[in-house]
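Colleague: Could you take me through one part of this model closely, the open sheet in the first chain, and then show me how the rest of the assembly sits around that picture?

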Amino acid sequence: MQTIIELQDICKAYRMGDITVPVLKGVSLTIARGELVALMGTSGSGKSTLMNILGCLDRPDSGVYRLDGEEMSRLSADQRAMVRNRKLGFVFQSFNLLPRTSALDNVAMPLTYTAGHLSEREARQRAARMLERVGLGERMGHEPSRLSGGQQQRVAIARALINQPPLLLADEPTGNLDSQTSAEVLAMFQALNREEGITIIMVTHDPHVAGYAQRAIHIHDGQIVDRAPGRDGSADRGQAPCVSP
Amino acid sequence: MRFAMKTYRTFHTALKALLRNPLRAMLTTLGIVIGVAAVIAMMEIGAGSSAAIRKSIAGMGANVLNIRPGAASSGGVTFGSGSTTSLTPQDNEAIMRECPAVGDAAPMVRTRTQVIHGSRNWVPTFIFGTTPAYLQVQNWTVAAGTPFSDRDVANGNKVCLLGQTLVRELFQGEDPIGKEVRIKNVAFRVQGVLGRKGANMMGMDQDDIILAPWTTIKYRVTGSVLTEANQSASSTSSSVNTLSNIYPGEQPSLYPERSAVQAADNPMPVRFANIDYILATARSAKDIPAAIQQITAVLRERHHLRPDEPDDFSVRDMTQMMTALSSTTLMMTNLLLAVAMISLVVGGVGIMNIMLVSVTERTREIGLRMAVGARAEDILRQFIVEAVVLCLVGGALGILLGHGGSQLVRWFLHWPVETSPAAIAAAVLVSAGVGMIFGFYPAWKASRLDPIEALRYE
């Protein structure tokens, strides 16, 4: 099976004043194209940091990150912005829609930065198709304040898909939703994954949400563990490959 | 095409972002609106006043060039400026025809003698023989009646225009139009009365004047008499009664004097008509040096002067008045510029302030835009364009407001106002510039945000 993400010994530490706090201590994992993966872990486990690295928002201190076979960890900020635009879609816990802007314009927004070849009309048509796909064809002109939470998240999904990325990153996508709309959103992820073959990585701490995924990756104390750690934190993986700076 | 599309998108995005908060955008740009409005209104009113001042100084003769014949000299003794007879009416015509920087030129013939009407007489300060162009040169209007025409000049018609002082002295409330005045026993019909001009810079009464065609003055007045001021004293009695000779040591006349009858029968042939001087105007204050140069070139050629020969004429301008004029205009402009700068800087600081608030407030939006692929330069451009759009809209409103304000001033206060396209262009450029300068720092700050931090920002 074709791999889309390959991580080798990813290390990341944050500096807080004089103290260096290691967050990721040698993460290695492989995700195949077309997988629907849940990334699980308690808060402070490093899953957000890992997500930022996967989303090319941040760079690892050491290690190799290949996305679609391309090395990401040494790209410049502008090159990473290009990768984010072309290959990645983001869905956030708090939707992050532009206020007082119609759903259509929200969805078309990413096109501003790369799709110079598209005319305004083509861009709007494409955004409209995306909204129809997430079932909001009748609410294109609505501003976020007039949409429910589930609808807002669907607008956000449409925005993430506008550039037809192979990989969708969802950071606690159901964190602000009730259980019914959560189920709707998750079902939509499954459908996208099944029908379009989009690789989806969801960050969550909710085992129920993780149940929608084909595979769950657990992260604990900056390292990948095989399963959810026990009470004693028995996640001994041997010597960490990171060298403390 | 791609660039145009991108520019359009950027402007579109900026406009949309601004319209998300229209009240704030309006309040933000208010500083620029007021600044530009003040500048435009001041510029227009200032330009109007400046033009009015310029006009009144020009009315005092700031653009007037005085062309006088050169000094005659004999055996090392010079006789002072104007003592040769080198200027002709044809010189005047050539100047009018061949000098593009010259607006008008009038030949001048002077005399000083008595003017009589009925039982009253007066010796005016100025008796000028000239052409109708004189009125344009001196910016003088005819208050009543009509000026004499070029045909009157060509025919040597006995018509004249009177200054206000002369009207007062000779007519005493009577309407002078159509009446006759006598100058040296030549009867002139009064065709018009000049407007009031008051004293000139030397304190001489400019209204104490009589204007007539130069041909009439030259051939009928000064040609027929000598230069006595008193008409009665010069008449027959002096030639008959030698006892009236005040200075007995005077040289006896070598030739027999021609009697009045002889003079009337055989008028002295005039070899060529010389005139006393020429008054010319430059088209504008700026054209004065060019006008002087062109006049000099034309006259040297006409007078057949070799390159090494000195000029047999002199051209003088009103340097003192010109200095006053240009310093007035310069001061006015500088004052307005200072006011403009201050108000625009204040407006720019307002823009910067609100843009900084806006960047902080829209941190999450910036993070989101970065996450979906905006580069630092995209963010920088977006915020600068927002500031520039804000300033340009403010500038446009300011231009309308300022122009409207100055028009109100013109309508209600009747101040002179002059629309200044240069000021409008400058206002547009300056407001765009202010947007760029004061929008840069907030935009730069926005572009330097870390997308992770920005997305997490509450």
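**The open sheet and its surroundings**

Modeller: Happy to. In chain A, 4 strands make up an open sheet, running in the order S2-S1-S4-S5 with antiparallel pairing. Its edges are strand S2 (19-32) and strand S5 (70-71) of chain A, each of which pairs on one side only. Please keep in mind that this is a predicted model.

Let's look inside the sheet. Strand S1 (residues 3-16) and strand S4 (residues 62-67) of chain A are joined in the antiparallel sense over 5 bridges. If you would like a residue to click on, try Glu6(A), whose bridge partner in S4(A) is Arg66(A).

Now the setting. Chain A has 8 helices and 10 strands in its secondary structure, and 48% of its 245 residues are buried. Taking the contacts in chain A between residues at least 6 apart in sequence, 70% link residues at least 24 apart. Chain B has 458 residues, of which 39% count as buried, and its secondary structure comprises 16 helices and 14 strands. For chain B, 81% of the contacts between residues at least 6 apart in sequence join residues at least 24 apart.

Next, the place where the chains touch. The contact draws 23 residues from chain A and 21 residues from chain B. On the chain A side, the elements giving two or more residues are helix H2 (77-87) and helix H4 (111-114) of chain A. H2(A) provides the largest share of that side, with 6 residues. By character, the chain A residues that touch chain B split into 10 nonpolar, 8 polar and 5 charged.

Finally, the interior. The largest nonpolar core has 127 residues, and those with the most contacts inside it are Leu39(A), Val107(A), Ile40(B), Ile351(B) and Ala387(B). Its biggest contributor is helix H2 (residues 22-59) of chain B, which gives 14 residues. Val107(A) is a good one to inspect: setting aside neighbours within four places in sequence, its contacts are Ala127(A), Met130(A), Leu131(A), Val155(A), Ala158(A), Arg159(A) and Ile162(A). Apart from that core lies another, of 56 residues, which includes Phe128(B), Leu170(B), Leu279(B) and Met318(B).

Methods:
Residues numbered from 1 in each chain as written. Chains lettered and ligands numbered in written order. Predicted model: local features only at pLDDT ≥ 70, side-chain atom pairs only at ≥ 80, totals over all residues. Pairing = 2+ DSSP bridges. Contact = placed C-beta atoms within 7 Å. Nonpolar A, V, L, I, M, F, W, Y, C, P; charged D, E, K, R; others polar. Core = buried A, V, L, I, M, F, W, Y, C linked by C-beta atoms within 7 Å. Buried ≥ 20, exposed ≤ 12 C-beta atoms within 10 Å, placed from the backbone.
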